[in-house]
Amino acid sequence: MDAHRTSARGSRPMLRRWLWTVAAAVPFVGAAATLSAVFSAELGLRVAGLALVVALLPLGVVVPAFLWLDRFEAEPTQYLAFAFLWGALLAAAVSLLLNTGSLVVLEAFYEQGRALAAVVVAPVVEEALKGLGVLLIL
């Protein structure tokens, strides 16, 4: 009976890998859609597209630099991709939602709510979410 379970369990590794990949991609695609919808609505499609291009330009330097630094004790590629996508998409989208929500609440109760949200809440939320990505990798 145990031999049957192990053979059935290992009989579809490609399907299992594909399902895990799709399940992992769904939150990133959702975050990308959320960010693009918000920025397109706030800035307009042209400005949002230009902002995306300008934001992608440093990747030509940053990604090779990180790979060069990582050459002696290289991390698995899927961990690097997860960390990059987490910081670029998920942490940014959740930060946008939490920062906007805190801004609404703080402006309702404090005269300087906007400054308080920008100086206190935003850095804590954004860095905590980026750190959560590293913890998830661990």
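**Notes on a predicted helical model**

1. Ser95 is buried, its relative accessible area being 5%. This serine lies in helix H5. The model is a predicted one, and that applies to every point below. Once neighbours within four places in sequence are set aside, Ser95 is in contact with Thr100, Val125, Glu126 and Leu129. Two of these contacts, Val125 and Leu129, also appear in the list of the largest nonpolar core, which is the next topic.

2. Which residues make up the largest nonpolar core? There are 10 of them: Phe28, Ala31, Leu35, Trp86, Leu89, Leu90, Ala91, Ala93, Val125 and Leu129. Three elements give two or more residues to this core, namely helix H2 (13-43), H5 and H6. H5 supplies the largest share, with five residues.

3. Leu90 is one of the core residues, and its contacts are worth tracing in the structure. Apart from neighbours within four places in sequence, Leu90 touches Pro27, Phe28, Ala31 and Leu85. Of these partners, Phe28 and Ala31 are themselves members of the core.

4. The aromatic rings come next. How many aromatic pairs does a search of the whole structure find? The search finds two. In one of them, the rings of Phe28 and Phe82 have centres 5.9 Å apart and planes at 80 degrees, so this pair is edge-to-face; the angle for that label has to be over 60 degrees. The pair joins distant parts of the chain, since Phe28 belongs to helix H2 and Phe82 to helix H5, with their positions 54 residues apart.

5. The other pair is formed by Phe82 and Trp86, and it is tilted: the centres are 5.7 Å apart and the planes make an angle of 35 degrees. Phe82 and Trp86 are four residues apart in helix H5, and therefore about one helical turn separates them. A pair of rings is described in general by the distance of the centres and the angle of the planes. Taken together, the ring pairs link Phe28, Phe82 and Trp86 into a cluster.

6. Are the residues of this cluster buried or partly exposed? Phe28 counts as buried, at 11% relative accessibility. Trp86 is also buried, with a relative accessible area of 12%. Phe82, at 24%, counts as partly exposed, because buried means under 20%. Phe28 and Trp86 are both listed in the largest nonpolar core.

7. On the surface, a nonpolar patch is formed by Val105, Phe109, Tyr110, Leu116, Val119 and Val120, and together these residues have about 610 Å² of accessible area. Helix H5 (77-109) and helix H6 (113-137) are the elements that give two or more residues to the patch. H6 gives the most, with three residues. As one example from the patch, Phe109 is placed in helix H5. Phe109 has 65% relative accessibility and so counts as exposed, the cut-off being over 50%.

8. How many salt bridges are counted? The count comes to two. One of them joins the side chains of Glu107 and Arg114, with 3.3 Å from N to O. Glu107 is partly exposed, at a relative accessible area of 38%, whereas Arg114 is exposed, at 53%.

9. The other salt bridge is between the side chains of Glu127 and Lys130, at 3.6 Å from N to O. Both residues lie in helix H6, three residues apart, or about one turn of the helix. Glu127 is partly exposed, with a relative accessible area of 48%. Lys130 is likewise partly exposed, at 39% relative accessibility.

10. A last point concerns a loop residue. Where is Glu73 placed? Glu73 sits in the loop between helix H4 (59-69) and H5. Glu73 is exposed, with a relative accessible area of 63%. Its C-alpha atom is separated by 30 Å from that of Leu19, and the two residues are 54 apart along the chain. Phe28 and Phe82 are also 54 residues apart, yet their ring centres lie 5.9 Å from each other.

Note on methods
Residues are numbered from 1 along each chain as its sequence is written. This is a predicted model: local features need pLDDT of at least 70, side-chain atom pairs count only at pLDDT 80 or more; totals for chains, interfaces and linings use all residues. Side-chain values use heavy atoms; hydrogens and water are left out. Patches are made of residues with over 30% relative accessible area and no salt bridge: like charges are joined within 9 Å, nonpolar side chains (Val, Leu, Ile, Met, Phe, Trp, Tyr) within 5 Å. Accessible areas come from the Shrake-Rupley method with a 1.4 Å probe; for residues, only the protein chains shown count as cover. A salt bridge is a side-chain nitrogen of Lys or Arg within 4 Å of a carboxyl oxygen of Asp or Glu. Buried means under 20% relative accessible area, exposed over 50%, partly exposed in between (1.4 Å probe, protein chains only). A nonpolar core is a set of buried Ala, Val, Leu, Ile, Met, Phe, Trp, Tyr and Cys residues joined through side-chain atoms within 4.5 Å. Contact means heavy atoms within 4.5 Å. Rings of Phe, Tyr and Trp (its six-membered ring) pair if their centres lie within 6.5 Å; planes under 30 degrees apart count as stacked, over 60 as edge-to-face and the rest as tilted.
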